Amino acid sequence: MEQPKGVDWTVVILTCQHKDSVEVFQRELEVRQKREQIPAGTLVLAVEDPETRVGSGGATLNALLVAAEHLSARAGFTVVTSDVLHSAWILILHTGRDFPFDDCGRAFTCLPVENPQAPVEAVVCNLDHLLDIMSYQLGPGSPPGVWVCSTDMLLSVPSNPGISWDGFRGARVIAFPGSVAYARNHGVYLTDPQGFVSDIYYRGTEAEVQRCTRPDGRVPLVSGIAFFSVETAEHLLATHVSSPLDACTYMGLDSGARPVQLSLFFDILLCMARNVSRENFLVGRPPEMGQGDADVAGYLQGARAELWRQLRDQPLTMAYIPDGSYSYMTNSASEFLHILTFPGAPRAQVVHSQVEEPQLLWAGSSVISCLLEGPVRLGPGSVLQHCHLRGPIDISTGCFLSGLDTAQSEALHGMELRDLVLRGHHLRLHGTPVRAFTLVGRLDSWERQGTGTYLNMPWSEFFQKTGIRNWDLWDPDTSPTECCLPSARLFPVLHPSRAVGPRDMLWMLDPQEDGGEALWAWRASWRLSWEQLQPCLDRAATLASRRDLFFHQALHKARSVLKAQQDLSLRPLIWAAVREGCPGPLLATLDQVAAGAADPGVAARALACVADVLGCMAEGRGGLRSGPAANPEWIRPLSYLECGELAEGVKALAQERDKWLSRPALLVRAARHYEGAQQILIRQAVMSAQHFVSTQPVELPAPGQWVVAECPARVDFSGGWSDTPPLAYELGGAVLGLAVRVDGRRPIGARARRISQPELWLAAGPQQDEMAMKIVCRSLEDLQDYCQPQAPGALLKAAFICAGIVHVHSKLSLSEQLLRTFGGGFELHTWSELPHGSGLGTSSILAGTALAALQRAAGRMVSPEALIHAVLHLEQMLTTGPRELQHPPGRSGYAGLEPTAVGE
């Protein structure tokens with residue numbers, strides 16, 4: 001099914017608060033453009049926030065300025081002009097704050113879903129999900145302007161959300177329904193009957209939330225999505241030259257301006273709300289600003305005054321999506337696990353993963369982009385993500401494990417994990433790459449307020465159990481309010497004598513085992529807190545390791561699909577390998593499968609996949625895929641296949657292939673030769689159809705008694721050739737056809753009878769007229785051209801050989817064979833009352849009638865299923881090959897074929 005037409009974005013921007021993430025996130029956007037998730041002509045930009053605390057509003061203004069600057073340069077302007085916004089659709093995606101369950105933030109948190117319609121196979125992260133929603137559900141129909149979308153939430157949006165853009169101007173926010181209880185800790189909109197926003201509340205009082213309640217009892221939640229018309233975006237862009245709002249942009253920062261923190265919703269959009277007065281707006285502060293920021297209140301007031309001046313006259317409306325849903329991704333491990341699992345599901349959710357023993361995965365668990373070898377038990381409500389584990393491993397309920405590989409598997413042997421979050425991290429310490437591991441409890445709080453816990457127990461109990469002391473984790477002068485999980489130096493990153501591993505954390509679960517050695521080793525390590533880890537995270541290495549693991553499990557998948565002959569397309573995987581620059585391992589895997597295949601059909605499909613990889617590598621620039629495949633350089637590899645030396649043939653093909661990878665034209669020509677190679681194997685595979693041909697002995701008709709077989713013609717309504725290799729291997733195929741009579745008669749037929757002379761009399765032509773072609777075969781030499789489709793009577797000669805009446809390589813002469821077995825020869829007439837080349841399946845159906853009549857005349861009965869296999873065998877004997885192989889009429893066409901014996 002084709003993807004519905006989405007928004008043709010002019011610019012897509014992904015903002016990031018860490019400067020070392022810019023190049024990493026830029027590559028991720030470009031990868032998604034190669035996957036066709038973003039239009040090819042779209043300008044994609046990863047934009048660093050000017051400062052880490054400019055807020056969502058400051059990040060929006062800076063991103064808008066960068067977009068306008070790039071579009072101005074493209075249009076030939078020497079200064080930034082807002083004119084370029086008039087024909088632009090701009091999407092700004094904010095990555096937001098750090099996330100304790102994913103080192104690359106909420107945007108790159110992978111979800112337990114697959115997109116079967118995606119042309120390129122890939123894990124689906126929250127960024128991909130939101131890109132899809134913005135491009136195909138919320139964005140279509142909107143006028144030129146600027147969409148802004150947070151990535152810290154999960155959304156569900158109906159395919160047609162019903163947003164009307166008639167007469168629209170100003171700005172618009174998108175709201176989703178939520179309960180009154182949920183809204184007490186969230187943002188909600190108050191609107192008037194015309195849909196204009198009157199106010200925006202954050203953690204409003206009970207009375208304020210009740211005022212926002214709609215007739216269905218739900219309240220419209222602030223969802224993190226807003227749209228600015230061109231006019232409103234121009235007004236917002238104009239603020240980048242005004243102090244103090246210029247400090248929100250990189251230009252202001254480069255000019256020495258003092259950064260200011262702004263909220264998109266509670267600064268920029270709030271000033272447009274109808275019930276908000278200027279006085280209240282100027283003295284207010286956004287929720288993003290903590291109480292300790294009172295010294296910048298005056299600076300913020302100046303920024304708000306400028307926003308009021310520019311934007312107050314712009315209308316703000318709300319689009320409410322009653323059938324949608326919104327869920328903020330909090331720092332609660334319990335809520336995060338709930339998002340990634342399906343508690344009521346009848347089985348585990350396994351996506352982009354290969355699991356050797358899936359029966360050990362409990363219902364309600366999820367496995368995302370993993371490779372699990374051996375017995376790995378996963379309890380309900382638990383999630384494995386980006387892990388390559390080797391059992392035996394026992395993971396009970398309420399666990400989240402991420403970023404672990406086989407090197408850490410041994411540390412998990414013999415342990416039962418319950419209600420824990422164990423993660424592996426890639427760090428860079430003073431330029432040196434290192435691995436570190438963090439362990440926390442599912443119930444632990446990442447907030448600074450309230451009673452703290454670690455490993456699901458109060459700190460006092462943890463200290464008593466492990467022997468760790470307060471001063472191990474915090475400096476002596478740290479205030480009690482600052483002694484919390486984010487600031488605790490719990491996590492070893494370097495050890496004096498060995499590499500750090502999960503055991504450096506897991507000992508805390510049972511500290512009495514080793515008499516204090518683990519505590520000593522932990523104290524001897526250089527440790528960091530979670531807050532200290534964040535600037536050291538190597539996001540490039542993290543995403544690279546995820547990509548490597550995805551392709552590692554994908555190669556296992558490809559091997560499994562081919563060997564098990566599964567009806568599952570590998571084309572999306574092939575495109576993924578090519579577009580992300582790693583086709584080599586896939587080619588090697590396909591070579592291995594082909595060389596070791598016992599079934600020529602499996603080997604043929606593997607070689608067809610190699611052809612697809614080479615064709616994809618050419619990226620449509622090397623010419624047509626169809627063409628000749630007999631270059632002298634490829635003759636030796638192909639000859640190995642013809643002789644049945646599969647392993648040698650595959651090896652020789654790969655050696656020759658390596659010489660043809662330098663440019664698109666050579667890649668396409670190499671692909672043609674791989675298609676030629678797989679045709680050789682397909683022919684060998686189809687020839688094995690003779691093993692499925694069985695006959696039952698029946699009474700031998702008397703000499704001179706005709707046996708007549710007639711068939712209807714075939715009309716294909718759709719899908720012609722789609723079920724023929726190699727097309728059918730990865731794209732599937734089905735043919736819808738109909739058996740039809742012509743003028744009330746079956747127009748295709750054959751008749752056969754025994755004759756006294758030890759010869760074969762062949763005739764072909766209209767049934768009622770004098771036969772147009774007559775051939776008499778008196779020796780085996782007369783049958784030698786049976787494998788040349790254009791030779792006179794080739795099909796009829798092949799029918800005698802395929803039916804086993806004549807053995808063309810026998811030491812006995814033709815007459816000796818006929819006399820010994822049948823006491824004489826045969827006469828075979830075939831006819832078709834259809835025009836030549838009518839496309840009504842004449843040749844394959846004619847082969848079926850000839851075989852049916854001959855077998856019955858020879859005293860044998862063949863079933864419709866066996867007859868289908870016999871026709872496949874016969875057509876391969878004719879060397880027509882898979883590209884010219886006509887479809888037999890199928891069981892329905894042959895089921896009505898009943899050879900009848902009639903008189904002379």
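These questions and answers walk through cores, a helix, a glycine and a surface patch in a predicted model.

Visitor: Which helix gives the most to the largest nonpolar core?

Guide: The largest nonpolar core holds 171 residues, and those touching the most other members are Leu138, Trp147, Leu401, Tyr454, Trp459, Phe462 and Leu490. The helix that gives the most to this core contributes 12 residues, and it is H21 (residues 600-618).

Visitor: Which residues does Trp459 touch, leaving aside those up to four places away in sequence?

Guide: Trp459 is among the residues that touch the most other members of the largest nonpolar core. With residues up to four places away in sequence not counted, Trp459 touches Gly452, Thr453, Tyr454, Leu473, Trp474, Cys484, Leu485, Ala488 and Leu490.

Visitor: How many residues of helix H29 are buried?

Guide: Helix H29 (residues 864-877) has 14 residues, which at 1.5 Å a residue should span 20 Å, and this agrees with the distance between its end C-alpha atoms, 20 Å. The buried residues of H29 include Leu867, Ile868 and Val871, but also His873, Glu875 and Gln876. H29 is thus mostly covered, the number of its buried residues being 10 of 14.

Visitor: Is Gly676 buried or exposed?

Guide: Gly676 lies in helix H24 (residues 664-687). Because buried means under 20% relative accessible area, and the relative accessibility of Gly676 is 15%, this residue counts as buried.

Visitor: Which residues make the nonpolar surface patch of about 310 Å²?

Guide: One of its members, Leu736, is in strand S31 (residues 736-740). The patch of about 310 Å² is made by Phe717, Leu736 and Leu738.

Conventions. Residues are numbered from 1 along each chain as its sequence is written. This is a predicted model: local features need pLDDT of at least 70, side-chain atom pairs count only at pLDDT 80 or more; totals for chains, interfaces and linings use all residues. Side-chain values use heavy atoms; hydrogens and water are left out. Patches are made of residues with over 30% relative accessible area and no salt bridge: like charges are joined within 9 Å, nonpolar side chains (Val, Leu, Ile, Met, Phe, Trp, Tyr) within 5 Å. Accessible areas come from the Shrake-Rupley method with a 1.4 Å probe; for residues, only the protein chains shown count as cover. A salt bridge is a side-chain nitrogen of Lys or Arg within 4 Å of a carboxyl oxygen of Asp or Glu. Helices (H or I, at least four residues) and strands (E, at least two) are DSSP runs, numbered from the N terminus. The expected span of a helix is 1.5 Å times one less than its number of residues. Buried means under 20% relative accessible area, exposed over 50%, partly exposed in between (1.4 Å probe, protein chains only). A nonpolar core is a set of buried Ala, Val, Leu, Ile, Met, Phe, Trp, Tyr and Cys residues joined through side-chain atoms within 4.5 Å. Contact means heavy atoms within 4.5 Å.
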